[in-house]
Amino acid sequence: MMRILLVEDDELLISADVSELNRASLRFHQQVRRATDNALLCEGRFLVACVGADSLKPRAIPVALRTAFAGLSNANQSCAGE
């Protein structure tokens, strides 16, 4: 178990990069670092899916949103099912 001591005035640098962009989902890689020494405090990967509100079934990410995410990083893009 790692313990990290933060003081009240610590500045944190938080990043969230798109690592994979699919038709109905995208994956992020997130990191939190302390600004003074760039120490990695925590990191995580998470999946966000687009679903229909009425059916909760996967649906395509809207084109405008997909285009915006595609321009953010070096995301691997999959067009499967399109």
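**Entry 1: L56**

I looked up L56 and found it exposed, because its relative accessible area is 62%, over the 50% cut-off. I noted that the model is a predicted one. L56 sits in the loop between β3 and α1, the latter covering 63-70. I checked the backbone there too: L56 has a positive phi of about 60 degrees, although L56 is not a glycine.

**Entry 2: the whole chain**

I then stepped back to the protein as a whole. I counted one helix and four strands. Read from the N terminus, the order is β-β-β-α-β. The protein has 82 residues, and buried ones make up 21% of them. I took the accessible surface next, which comes to about 6,200 Å². Carbon and sulfur atoms account for 54% of that surface. For contacts, I took pairs at least 6 apart in sequence; 40% of these join residues at least 24 apart.

**Entry 3: β1 and β2**

I asked how many bridges join β1 to β2. I found nine, between strands that run antiparallel. Strand β1 covers residues 12-21, and strand β2 covers residues 25-34. The connection between β1 and β2 is a hairpin of three residues.

I picked I14 as a marker in β1. Across from I14, in β2, stands V32. I14 is exposed because its relative accessible area of 58% is over 50%. I also found I14 in a nonpolar surface patch, together with L6 and L12. The accessible area of L6, L12 and I14 together is about 270 Å².

**Entry 4: β2 and β3**

I looked at the next pair in the same way. β2 and β3 are antiparallel and paired over nine bridges. Strand β3 covers residues 40-49. As one point of reference, I noted that H29 stands opposite R45 in β3.

β2 and β3 also form a hairpin, with five residues between them. I looked in the turn and found N38, which has a positive phi of about 60 degrees. N38 is not a glycine. N38 belongs to the loop between β2 and β3. The relative accessible area of N38 is 43%, so I entered N38 as partly exposed.

**Entry 5: Q31**

I asked whether Q31 is buried or exposed. Q31 is in strand β2. At 17% relative accessibility Q31 is buried, because the cut-off is under 20%.

I then listed what Q31 touches, leaving out residues up to four places away in sequence. The list is L13, I14, S15, L40, C42 and E43. I14 belongs to strand β1, so I could tie this list back to the earlier entry, under the strand rule used here. With E43, the side chain of Q31 makes a polar contact of 3.2 Å.

**Entry 6: L41**

I went on to L41, which is placed in strand β3. L41 has 13% relative accessibility, so I entered L41 as buried. I also checked L41 against R3. The two are 38 residues apart in sequence, yet their C-alpha atoms are 9.3 Å apart in space.

**Entry 7: salt bridges**

I asked how many salt bridges the count comes to. The count is two.

One joins the side chains of E20 and R27, with an N to O distance of 3.5 Å. E20 is partly exposed, because its relative accessibility is 28%. R27 is partly exposed as well, with a relative accessible area of 37%.

The other is formed by R34 and D37, where the closest N and O atoms are 3.1 Å apart. I compared each partner with the burial cut-offs. R34 is buried, because its relative accessible area of 16% falls under 20%. D37 has a relative accessible area of 45%, so D37 is partly exposed.

How values were computed. Residues numbered from 1 in each chain as written. Predicted model: local features only at pLDDT ≥ 70, side-chain atom pairs only at ≥ 80, totals over all residues. Heavy atoms only, no water. Helix = DSSP H or I, 4+ residues; strand = E, 2+ residues; numbered from the N terminus. Buried < 20%, exposed > 50% of the residue type's maximum accessible area, 1.4 Å probe, protein only. Polar contact = N/O pair within 3.5 Å; in protein donor to acceptor, adjacent residues only side chain to side chain. Contact = heavy atoms within 4.5 Å. Pairing = 2+ DSSP bridges. Patch = residues over 30% accessible without salt bridge, like charges linked within 9 Å, V, L, I, M, F, W, Y side chains within 5 Å. Areas by Shrake-Rupley, 256 points an atom, 1.4 Å probe, with all protein chains shown as cover. Salt bridge = Lys/Arg side-chain N within 4 Å of Asp/Glu carboxyl O.
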